[in-house]
Amino acid sequence: APRTLAFTILVGAPSPTDSAVFQSNWTGPADTGAGDEWHEIFGYEVLWYLPSGQTERYTTAMSTTMLDVTQMLTSSDYTVAVRASNAAGNGSLATISFPGLLVPTSPRNLSVEYASEGGSSIFSTVRFAAPNYTGFRDSTWPALYYDVEVSSLDATNPAGAACLPDTLIQVSNGSFTTPLTLTRGCGYQLRARAVNQAGSGPWSPSASTTPIGSPTAPTNFAVSRNLNQTIEVSFDPPADSGDAAVNANLITRYDIDWAYRSDFSEIIESQQVSGSASSFVFSPLIVCLPHYFRIRATNAIATSGYTLLTSAEPLNCTIIIDVFCPAGQWLRKVSSINATCQDCPFGATSNAGSESRQSCVCRPGYTGADGQDCNECGVGTYKELNGTSPCLSCPAGTYLNDTAGSVCLTCPSNTDSPVGSDHITDCICNI
C-alpha cells in the first residue's frame, strides 16, 4: 500500500455550506512487486468516500503522488483511500479519514492591560482565551491564527496627540496575547476572531478602553491657618490626570504628608484622602518651627510625583517645654508641646539636662567627635576622660587585653612590658 497518506484543505470556505479545495498526498509503496520502489507501477487509484455514501474514483500517473479535489463541503466528513496498480493488479488500500470542519467560534475574555508608557504612548497587552470550539469535531485541533481589530473612536486625545488609526493585527496560533501601542486619552474598541481552514469565525464581543498613564502632581497646592489653630491644605486635580486632561474622576486618592524637616525624614502626620477631595484639615497644633507639606495623586495605573509646599512659622509663638533629661540623654524639641529625651550616640554620654545632641561626648574608653557615634579604644590602648581626645598606648610596665578600656593594668612584681602591651604574657621578669 502507499505510505504516509495525508489530507489537507488548500483553500478555505467562508461558511460550512460552501465548497473548498482539498488535497490528498502520499508516497509510493515500499514494495512495488518488482524489487524496487518505482519499477512497474502504472499509477494510483484514489477513492473518495462521500458523506452521501457514494464513492468518487480518480486515477493518477505513476509519478503523481497528490490529488486536488474541488467542490467539497468543509462541514462534512471524508475518507480517502489510495492504492497502487501494476501489471499484477491493484495493491492494498491506504486509508485516512478527515473530520468535518466548521468555522471556529469567537475567542473569549478579550481584554486590554496596561504595561508601560512613554510620552503620549501607552504600551498595552491584548489578551484573550481560545474559542470553545475551533471548528474541528475533534476540538483539540487549534485555529490557524487570530485577528484582533482595533477601532479608534477619536482622531486626537485631549492634548491634541493623534490617536492610533484603525488597524488589524494577526496573532499566531498558540499565542493568546499581542502587544499594542495606544495613545493615552483616546477611546478604542477591540474585537477578535479565530480563523481556520474553513474560514473566519464570528467576531467576539467588543472590549472598550480609554488607556491612561501616570498622573502629574496636583496643582494650586496651598496652606492656611485657621483661627482655631488648625492647618488647612487645599489643592486642585492634576493638569494631566492620566488621560492628557484634567479629569478628577480618574484620581482615586491623594497622599498628604506633614513634616518639620524639608527632606521629610521625620513625618509628623500622613493622610490619604479620596480622589474627590480638594482640601484637608490637620488637627490643632501650635508649631514653633517651619512646617513642610507635600501631596501626590494616584489613579488606577500609577502615582504622581510630589508637589512641595513650605509654610512660614506662625507669629507670637512661645516655646514652653518642661522636660528634664537624665545623664546620657539629650532633649529633642519638636514643637512647643512636643519634646522627647533621646539617647546619646553609641559610646557617648551627657550631663543631666542636656538640650542638644552636641552635648553628647565620648566616654572614657571611647573616642570620636561630639554628637556622633564613638569608637572603642583597642586592646593595649586607653582613654581616661570624657571628650574628643584620642586613645593612648598603655605605658611600659602595664597592659590591657580588653577594648574600651579607661585604665591599663600594672604588670606583676619584678616584671616589665613594652609600651602598648595587650596581654599579661607581655610582662617579662626583670633581670
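**Two cores and a set of disulfides**

Let's start at a single cysteine: with a relative accessibility of 28%, C341 counts as partly exposed. The scale behind that word calls a residue buried under 20% relative accessible area, exposed over 50%, and partly exposed in between, using a 1.4 Å probe on protein chains only. Keep in mind that this is a predicted model, where local features need pLDDT of at least 70, side-chain atom pairs count only at pLDDT 80 or more, and totals for chains, interfaces and linings use all residues. Residues are numbered from 1 along each chain as its sequence is written, and side-chain values use heavy atoms, with hydrogens and water left out.

The partner of C341 is C325, and the two form a disulfide with sulfur atoms 2.1 Å apart; a disulfide here is a pair of cysteine sulfur atoms within 2.5 Å. The torsion about their S-S bond is about -95°, so this disulfide is left-handed. C325 sits in the loop between β23 (307-311) and β24 (329-335), while C341 is in strand β25 (residues 338-343), so the bond ties together parts that are 16 residues apart in sequence. Strands (E, at least two residues) and helices (H or I, at least four) are DSSP runs, numbered from the N terminus. Unlike C341, which is partly exposed, C325 counts as buried because its relative accessibility is 1%.

The structure holds seven disulfides, so which cysteine does C377 pair with? A disulfide joins C377 to C391, S to S 1.9 Å. It is left-handed too, because the torsion about the S-S bond of C377 and C391 is about -80°. This pair links distant parts of the chain, 14 residues apart: C377 is in the loop between β29 (375-376) and β30 (381-382), and C391 is in the loop between β30 and β31 (392-393). C377 has 1% relative accessibility and so counts as buried, whereas C391, at 24%, counts as partly exposed.

One further link joins C411 to C427, again with S to S 1.9 Å, and with -70° about the S-S bond it is left-handed. C411 lies in the loop between β33 (409-410) and β34 (415-416), and C427 in the loop between β34 and β35 (428-429), so parts 16 residues apart in sequence are tied together. Both C411 and C427 are buried. C429, on the other hand, is in no disulfide; the nearest cysteine sulfur, that of C427, is 9.6 Å away. C429 is exposed, because its relative accessible area is 64%.

Now for the packing. The largest nonpolar core has 18 residues, of which L110, V148, V150, L180, Y188 and L190 touch the most other members. A nonpolar core means a set of buried Ala, Val, Leu, Ile, Met, Phe, Trp, Tyr and Cys residues joined through side-chain atoms within 4.5 Å. At least two residues of this core come from each of β10 (121-129), β11 (145-152), β12 (167-172), β13 (177-183) and β14 (188-196), and β14 gives the most, with four. Leaving out residues up to four places away in sequence, L180 touches I122, F123, S124, V126, V150, L164, I169 and L190; contact means heavy atoms within 4.5 Å. Apart from this core lies another, of 16 residues, among them I231, W258, F282 and I295.

Finally, confidence. Mean pLDDT, the predictor's confidence in each residue from 0 to 100, is 83 for the protein, and 81% of its residues reach 70 or more. Over residues 11-18 pLDDT stays under 50, and the model has 26 contacts beyond four places in sequence for them. Where pLDDT is low, the predicted coordinates should not be read in detail.
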